[in-house]
Every structure is written in structure tokens, then in C-alpha cells.
Amino acid sequence: QVQLVESGGGLVQAGGSLRLSCAASGNIFGVDDMGWYRQAPGKRRELVAEISGDGSTNYASSVKGRFTISRANAKNTVWLQMNRLKPEDADAYYCDAAVATTAHAYLEVWGQGTLVTAPT
């Protein structure tokens, strides 16, 4: 069994920063692509950023230049550094990973989500 545990959500302060973390644990042979998605109530989950096993990255246009995804392969961990936050960045953020449980078997695993909330 494999699980992803996220942390680091909080209140969006316009222009501020937050850092999300996601660590994979369990029966892991290796971890390939990892990514962050976000979802507002009633809307589709959308890609925020993704990073491959060799470090190649891809960002949604709405966050490019403000957010940075990074990973530590030895720790099976991925981070999302969010700078110059905007109120519209408030959402539930989900970590996603393609986890190899053997040399030939992959699972797509999702975290439980962490909330980035806007001030009321």
C-alpha cells in the first residue's frame, strides 16, 4: 500500500508565500512523475505543476513564474513553493504521483488534499 501525505496549506495573503509538501510512503520501488493539482468546489481538478523523475517541469499558465515545483527523489517528496499568491489561488490542493511498486507495476496515487484558503 502506498500513501501520499500533504502538508503546508494555509491562508492566502495577497502577495505572500506558502510552501506545500507531499511525501510518499509505503511499498515503493520508485516514483516517476509527481504533480500538484487544485480543485475548487464544483469544478474540475486542474493541473498546477508537475515534475518528472529526471526533473523536467511543467506549469499551468496561471502560476508560471510564481510557483516552483521541486522534488527529492531520495525522500520520495515533492514541494510546491507558491509565491506572489493571489486570492484566486485559494483552492484544495492535491498531490499526485506515479508510484512503482515493483519494476513493472505502477499505481497512480492521490493525496488527501490540503487547503489553501482565502481570507473572508
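Strands are DSSP runs of at least two E residues, numbered from the N terminus. On that numbering, Asn76 falls in the loop between β7 and β8. The model is a predicted one, and the loop that holds Asn76 is a handy place to start reading it.

Asn76 has a phi near 50°, which is positive even though the residue is not a glycine. That is worth a second look, because most residues other than glycine have a negative phi. The hairpin of β7 and β8 has 4 residues between its strands, and Asn76 is the one given with this positive phi. Is Asn76 buried or exposed? With a relative accessibility of 18%, Asn76 counts as buried, since the cut-off for buried is under 20%. Arg84 is another non-glycine residue with a positive phi, here about 50°. Arg84 sits in the loop between β8 and β9.

The two strands of that hairpin belong to a sheet. Four strands make up this open sheet, in the order β1-β3-β8-β7, and their pairing is antiparallel. At the edges are β1 (2-7) and β7 (67-72); each has a single partner strand, so one side of each has no neighbour in the sheet. From one strand to the next, the twist averages 15°. Strands of a sheet pair through backbone hydrogen bonds, either parallel or antiparallel. For β7 and β8 (residues 77-82), the antiparallel pairing runs over 6 bridges. Two of the cross-strand matches can be picked out by residue: Arg71 has Val78 of β8 as its bridge partner, and Thr68 stands opposite Gln81, also in β8.

Next comes the nonpolar core. In soluble globular proteins, nonpolar side chains tend to be buried together. The largest nonpolar core here has 28 residues, and the members that touch the most others are Trp36, Leu80, Met82 and Tyr93. Which elements give two or more residues to this core? They are β1, β3 (18-26), β4 (30-39), β5 (46-51), β7, β8 and β9 (91-100). Tyr93 gives a good idea of how these parts meet. Setting aside neighbours within four places in sequence, the contacts of Tyr93 include Trp36, Leu80 and Met82, the three residues named alongside Tyr93 among the core members that touch the most others. Leu20, Val48, Phe67 and Val116 are also among the contacts of Tyr93. So are Glu6, Tyr37, Arg38, Gly113 and Thr114.

A covalent link turns up as well. A search of the whole structure finds 1 disulfide, and it joins Cys22 to Cys95 with an S to S distance of 2.1 Å. The link of Cys22 and Cys95 is left-handed, with -80° about the S-S bond. Cys22 is in strand β3 and Cys95 in strand β9, so this pair, 73 residues apart, links distant parts of the chain. Both ends are out of the way: Cys22 is buried at a relative accessible area of 1%, and Cys95 counts as buried at 0% relative accessibility.

Charged side chains supply further links. Side chains of opposite charge can pair when their charged atoms come close. The structure holds 4 salt bridges. One of them brings together the side chains of Arg38 and Glu46, at 3.1 Å from N to O. What is the relative accessibility of Arg38? Arg38 is at 6% and counts as buried, whereas Glu46 is partly exposed, with a relative accessible area of 38%.

Arg38 also meets Asp89 in a salt bridge, at 3.0 Å from N to O. Asp89 lies in the loop between β8 and β9 and Arg38 in strand β4, so this pair ties together parts that are 51 residues apart in sequence. Asp89 is buried, with a relative accessible area of 1%. The side chain of Asp89 forms a salt bridge with Arg66 too, at 2.7 Å from N to O. Arg66 lies in the loop between β6 (57-59) and β7, so the pair of Asp89 and Arg66 ties together parts 23 residues apart in sequence. Arg66 is buried as well, at a relative accessible area of 7%. Through shared partners, the salt bridges join Arg38, Glu46, Arg66, Asp89 and Asp91 into one network.

Notes
Residues are numbered from 1 along each chain as its sequence is written. This is a predicted model: local features need pLDDT of at least 70, side-chain atom pairs count only at pLDDT 80 or more; totals for chains, interfaces and linings use all residues. Side-chain values use heavy atoms; hydrogens and water are left out. Two strands pair if DSSP finds at least two bridges between them. Axes are lines fitted to C-alpha atoms, for helices over the stretch in contact, and angles run from 0 to 180 degrees between N-to-C directions. A nonpolar core is a set of buried Ala, Val, Leu, Ile, Met, Phe, Trp, Tyr and Cys residues joined through side-chain atoms within 4.5 Å. Buried means under 20% relative accessible area, exposed over 50%, partly exposed in between (1.4 Å probe, protein chains only). Contact means heavy atoms within 4.5 Å. A disulfide is a pair of cysteine sulfur atoms within 2.5 Å.
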